[in-house]
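Here are some notes to read alongside the structure, written as numbered points. Please keep the model open while you go through them, and look up each residue as it is named.

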Amino acid sequence: MMTLKFVVLSDLHVMPEGELSVTLDTGARLEQAVEAVIARYDQVDFCVLAGDLADLGQPEAYRRLQAIIARLPIPVHITLGNHDDRAAFLEIFGNGFVAETGKIDKVIDIKGYRIILLDSSEAGRVDGVLTEAQISWLHARLAEAMHRPVIVILHHNANALHIESDNIRILEPDAFIDALKTHPDIRQVIAGHVHLTSTATWRGLNFTTLSGNHYSCSVDQPHIPMRRLTGPGQLAFVIADHDSTTVLFDDYIDGNEEIFLED
Ligand SMILES: [Fe+2]
């Protein structure tokens, strides 16, 4: 089996040119991410954007995103997060991104692996939702790939991280987990959303989150209000072979200064 390599970028939170998000120029940060991918990951098979692409779902931000990622020399696969606006995204990127579920889901079959992207965004909600249509689609896509290793990527974490933002993860994950448990070789479930690096096992599955491109969240007990830090800007580098899957984290922007907001 050939070695599969790909990178995951998440929580881009791009704003229109000249506008900041939580004091940060997220578009300029994304340009640094693209520079890092070009400099260090030109041999990878593809790149995934794991949602929260545009901070406020603005068409102008999607247009800026499209211009920035056009420089990537590898295929880019996309799904959405709670900050995204599906209609605005499709207006800029085109309806080819819509799966039969009506959402921005996708299967990538490559080098004997199956990668499944799931769109956990739901209009009007910040927590994650996988619809009944998506769950049956997932069952079918897994059933087709019983003899291939599978890696699942979606915006929201399904597992609790025991932090303040646990109330906006996928709050009803049972059908999702039950679907994954029908497959014998789910290598990883990778998410963004929490702006924090984590790994976990839950119900026999491996879960990973990456910090992404925006501010990162401090690790605190749930009763302590979250602090926002300026960095890192972080991508995940995934390497899979016949019997292992490794996730490395590359901080293309360093920095851990706290951001103070006036209220
Ligand atoms: Fe985010």
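**Notes on the model**

1. A residue in a loop. At 28% relative accessibility, Lys111 counts as partly exposed, because that class covers the range between under 20%, which is buried, and over 50%, which is exposed. Lys111 is found in the loop that runs between β4 (106-110) and β5 (113-118), and its phi is near 55°, a positive value in a residue other than glycine. Most residues other than glycine have a negative phi. Please bear in mind throughout that this is a predicted model.

2. A second positive phi. Asp52 also has a phi near 55°, again a positive value in a residue other than glycine, and it lies in the loop between β2 (46-50) and α2 (59-69). With a relative accessibility of 2%, Asp52 counts as buried, whereas Lys111 is partly exposed.

3. The iron site. Which residues supply the protein donors of the iron ion? They are Asp11 and Asp52, each through OD, together with His13 and His195, each through NE2, and the donors lie 2.0 to 2.4 Å from the ion. The Asp52 described above, with its positive phi, is therefore one of the residues to inspect when you look at the metal, since a donor is an N, O or S atom within 2.8 Å of it. Asp11 and His13 are both buried.

4. Spacing and geometry at the iron. Along the sequence, the donor residues follow the spacing D-x1-H-x38-D-x142-H, so you will need to move between separate parts of the chain to find them. Why is the arrangement of the four donor atoms irregular? The angles that they subtend around the iron ion run from 89 to 172°, and a tetrahedral assignment would require all angles to lie between 85 and 135 degrees. For reference, the ideal angle for four tetrahedral donors is 109.5 degrees.

5. The annotated domain. According to UniProt, in an unreviewed entry, residues 4-195 are listed as "domain: Calcineurin-like phosphoesterase". In this model the chain over residues 4-195 is 28% helix and 19% strand, and the C-alpha atoms at its two ends are 25 Å apart.

6. Aromatic pairs. How many aromatic pairs does a search of the whole structure find? The search finds seven. One of them is formed by Phe89 and Phe93, which are stacked, with 4.7 Å from centre to centre and 15° between the planes. Both of these residues lie in helix α3 (residues 86-93), where they are four residues apart, about one turn of the helix. Phe93 also forms an aromatic pair with Phe97, and this one is edge-to-face, at 6.0 Å centre to centre and with 90° between the planes.

7. Burial within the aromatic cluster. Tyr62, Phe89, Phe93 and Phe97 form one aromatic cluster, and the accessibility of its phenylalanines is worth going through in order. Phe89 counts as buried because its relative accessibility is 0%, and Phe93, at 14%, counts as buried too. Phe97 has a relative accessibility of 24% and therefore counts as partly exposed.

8. A hairpin and the turn before it. Strand β12 (residues 233-241) pairs with strand β13 (residues 244-253) in the antiparallel sense over nine bridges, and the two strands form a hairpin with two residues between them. To follow the pairing on the model, start from Ala236, whose bridge partner in β13 is Phe249. In the loop between β11 (228-229) and β12 you will find Pro232, which is joined to Gly231 by a cis peptide bond with omega about 5°. Most peptide bonds, by contrast, are trans.

9. Contacts across the sequence. The charged end of Arg228 sits over the ring of Tyr215, 5.3 Å from the ring centre. Val76, which is found in strand β3 (residues 76-79), is 30 residues from Phe46 in sequence, while their C-alpha atoms are 5.9 Å apart in space. Val76 is partly exposed, with a relative accessible area of 23%.

10. One more pair to locate. Asp174 lies in helix α5 (residues 174-180) and, at 49% relative accessibility, counts as partly exposed. Its C-alpha atom is separated by 9.2 Å from that of Ala158, and these two residues are 16 apart along the chain.

Technical notes: Residues are numbered from 1 along each chain as its sequence is written. This is a predicted model: local features need pLDDT of at least 70, side-chain atom pairs count only at pLDDT 80 or more; totals for chains, interfaces and linings use all residues. Side-chain values use heavy atoms; hydrogens and water are left out. Donors are N, O and S atoms within 2.8 Å of the metal (3.2 Å for Na, K and Ca); water is not among the atoms, so sites may look incomplete. Four donors count as tetrahedral if all angles lie between 85 and 135 degrees; four count as square planar and six as octahedral if opposite donors are over 155 degrees apart and all others between 65 and 115; anything else is irregular. Buried means under 20% relative accessible area, exposed over 50%, partly exposed in between (1.4 Å probe, protein chains only). Rings of Phe, Tyr and Trp (its six-membered ring) pair if their centres lie within 6.5 Å; planes under 30 degrees apart count as stacked, over 60 as edge-to-face and the rest as tilted. A charge sits over a ring if NZ of Lys or CZ of Arg is within 6 Å of the ring centre and within 35 degrees of the ring normal. Two strands pair if DSSP finds at least two bridges between them. UniProt positions are given in the numbering used here, feature names are shortened, and annotations may be inferred rather than shown by experiment.
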